[in-house]
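Hi everyone, thanks for making time for this. I'd like to walk you through one model, so please have the viewer open and follow along.

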Amino acid sequence: MKKLAFTILAGLISLTFFGQEITGQWNGVLKVPGAQLRLVFNIEKTANGISATMDSPDQGAKGIPVSSSSFENSVLKIGISQAQIEYEGTLGKDNIIVGNFKQGGQSFPLNLSKEKAEKEVLIRPQEPKKPYSYYSEDIIFENKKAGITLAGTLTLPKQDGVFPAVILISGSGPQNRDEELLGHKPFLVLSDYLTKNGIAVLRYDDRGVAASKGDFKTATTTDFATDVEAGIAFLKSRKEINKSKIGLIGHSEGGIIAPMVASQSKDIAFIVLLAGTGIQGNQLLLLQQQLIGKASGMSEEALQKVKLNNTKIFDITNKSTSTEQLQTDLTNYFKQNPSAEKPAGMTDDEFVKLQVQQIATPWMHYFIKYNPAPALEKVKCPVLALNGEKDLQVPPKENLEAIKAALSKGGNKKVTAIELPNLNHLFQECVTGSPQEYVTIEQTFSPTALTEITKWIKTQTN
């Protein structure tokens, strides 16, 4: 569920210069699953030879620290051990460096030139353009429990009237109000469609993201649930909203949060779970890793090795009672079980620390241990659960069955669960369902899914 991210740090590079002119600004666009990142190498001569800085403009990073570098026989090599980054490219007669960027065991082409690098323009035909045919207002509401304000957008079918409403709850990772990723804005497309069909929509930036206050890094799923509760209180304060017809639509992790809130509030008229989970976090991640690994071409032997290792890590996580204890437990485990995947130039202690930091966070610790079933058993309002047939991140069979079982155990008979053919985790029409496809698909949100969601909500609110 976690989206892939490449974090690049800042600093100084020393290079060895032989013959060819390597000085100046070198630009390239790194295309990785989920993003296009411009990278810039600024290389200069110094009294001692050559020095350089590396920037990542799209991440707001300048002057990137490197642990090793060289330029010999037209070959440029750069290593950034702390971020598991290696770059190697060959400077040709056309003044272009052709090479590869490696991070975390994955390799991506990255060519550099003196020309300004431009990211590929992505075509997103479903994205609505202003002026909209409905009323749209940027708003701010307060989460008093957390002591923060959240910024969002409220859309209404028209400025005057009283309307049913939904709150959109984003998936894992820091998301803005449009749930923007890979050049797609699924929540913008969804809110546009719903509002045009008579339903008011509140969508907001996650805490600590864009115009919202707070600290995303220290928050867990339960903290995000209080943000939703604050959104409900805001909607109830608006004269345009029918207070008895407020629902929640949660995507991915949002599909965990919606039942959390609905199980404790009588103010929720219905919930929609878009790729919501029904099984515990550790089980979900193991399934996800196997399916995505298989789609990426990993051998069965490699898949089983990954599964065995992660099962041990998740068992340690489940037994740890605090994030601090988890850090200690994982440090001991990784020291006793060194990985063969350690990047060149990184010490054993640095690599252990890096592995621990990826897991021993408040969010991950909570997510791995959380079982959504008890909250689902307490949900009494109508529920629509949708999954894409080719969802590799939240597999439909295991999760829809678990969701239905938990709701049934709690006595909820107002349940509709649908597996939509040929859709992935983002509800795009797809070929394989692999996350690597997301950015290449022009469609942002399947019209079939949009119709299904809207038709069901209208049934609940008419």
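I'll take the two sheets in turn, then the cores, the aromatic pairs and the cysteines. Before we start, please keep in mind that this is a predicted model.

Let's begin with the sheet that comes earlier in my notes. It is open, has 5 strands with antiparallel pairing, and reads β5-β6-β7-β8-β9 in order. Its edges are β5, residues 68–72, and β9, residues 106–112, and each of these pairs on one side only. Neighbouring strands here are turned against each other by 10 degrees on average, ignoring direction.

Now zoom in on β6, please. How many bridges does β6 share with β5? There are 5, and the two strands pair in the antiparallel sense. Across that pairing, E72 stands opposite V75 of β6. The β5 and β6 hairpin has 2 residues between its strands, and N73 in that hairpin takes a positive phi near 50 degrees.

On the β7 side, β6 (residues 75–80) pairs with β7 (residues 85–91), also antiparallel, over 6 bridges. You can check the register with two examples: V75 has T90 of β7 as its bridge partner, and G79 has E86. So V75 is a handy residue to click on: it faces E72 and also bridges to T90. As for covering, β6 is mostly hidden, with 5 of its 6 residues buried.

On to the other sheet. This one is also open, but it has 8 strands and mixed pairing, and the order is β10-β11-β13-β12-β14-β15-β16-β17. β10 (135–143) and β17 each have a single partner strand, so one side of each has no neighbour in the sheet. The twist from one strand to the next averages 20 degrees.

For a parallel example, look at β12 (residues 163–169) and β13 (residues 200–204), which are joined by 3 bridges. Within that pair, V166 stands opposite V201 of β13.

What packs on this sheet? Helix α11 does, touching β12, β14 (241–251), β15, β16 (383–388) and β17. The direction of α11 makes about 165 degrees with that of β15.

That brings us to the cores. As general background, nonpolar side chains in soluble globular proteins tend to be buried together. In this model, the largest nonpolar core has 91 residues, and those with the most contacts inside it are L248, I249, I271 and I457. Which helix gives the most to this core? That is α2, residues 221–236, with 7 residues.

I249 makes a nice place to centre the view. Leaving aside residues up to four places away in sequence, I249 touches V166, I167, L168, I169, L190, L194, V272, L274, I453 and I457. A second core, separate from this one, has 25 residues and includes M54, I78, L91 and F108.

Next, the aromatics. The structure holds 9 aromatic pairs. In one of them, the rings of F270 and W456 have centres 5.9 Å apart and planes at 75 degrees; an angle over 60 counts as edge-to-face, so that is what we call this pair. It links distant parts of the chain, with F270 in strand β15 (residues 270–274) and W456 in helix α11 (residues 447–461), 186 residues apart. Both F270 and W456 are buried.

Compare that with F427 and F445. Their ring centres are 5.8 Å apart and their planes are at 10 degrees, so this pair is stacked. F427 and F445 are 18 residues apart, both in the loop between β17 (415–420) and α11. Are they buried or exposed? F427 is buried at 1% relative accessibility, and F445 is buried at 3%. One more group to find on your screens: F141, Y204 and F234 form one aromatic cluster.

Last stop, the cysteines. How many disulfides does the structure hold? The count is 0. Two cysteines you may want to look at are C381, with 10% relative accessibility, and C430, with a relative accessible area of 8%. The cut-off for buried is under 20%, so C381 and C430 both count as buried.

That's my tour, and I'm happy to go back to any view you'd like.

Key:
Residues numbered from 1 in each chain as written. Predicted model: local features only at pLDDT ≥ 70, side-chain atom pairs only at ≥ 80, totals over all residues. Heavy atoms only, no water. Pairing = 2+ DSSP bridges. Helix = DSSP H or I, 4+ residues; strand = E, 2+ residues; numbered from the N terminus. Axes fitted to C-alpha atoms, helices over the stretch in contact; angles between N-to-C directions. Disulfide = S-S within 2.5 Å. Buried < 20%, exposed > 50% of the residue type's maximum accessible area, 1.4 Å probe, protein only. Phe/Tyr/Trp six-rings, centres within 6.5 Å; stacked < 30°, edge-to-face > 60°. Core = buried A, V, L, I, M, F, W, Y, C linked by side-chain atoms within 4.5 Å. Contact = heavy atoms within 4.5 Å.
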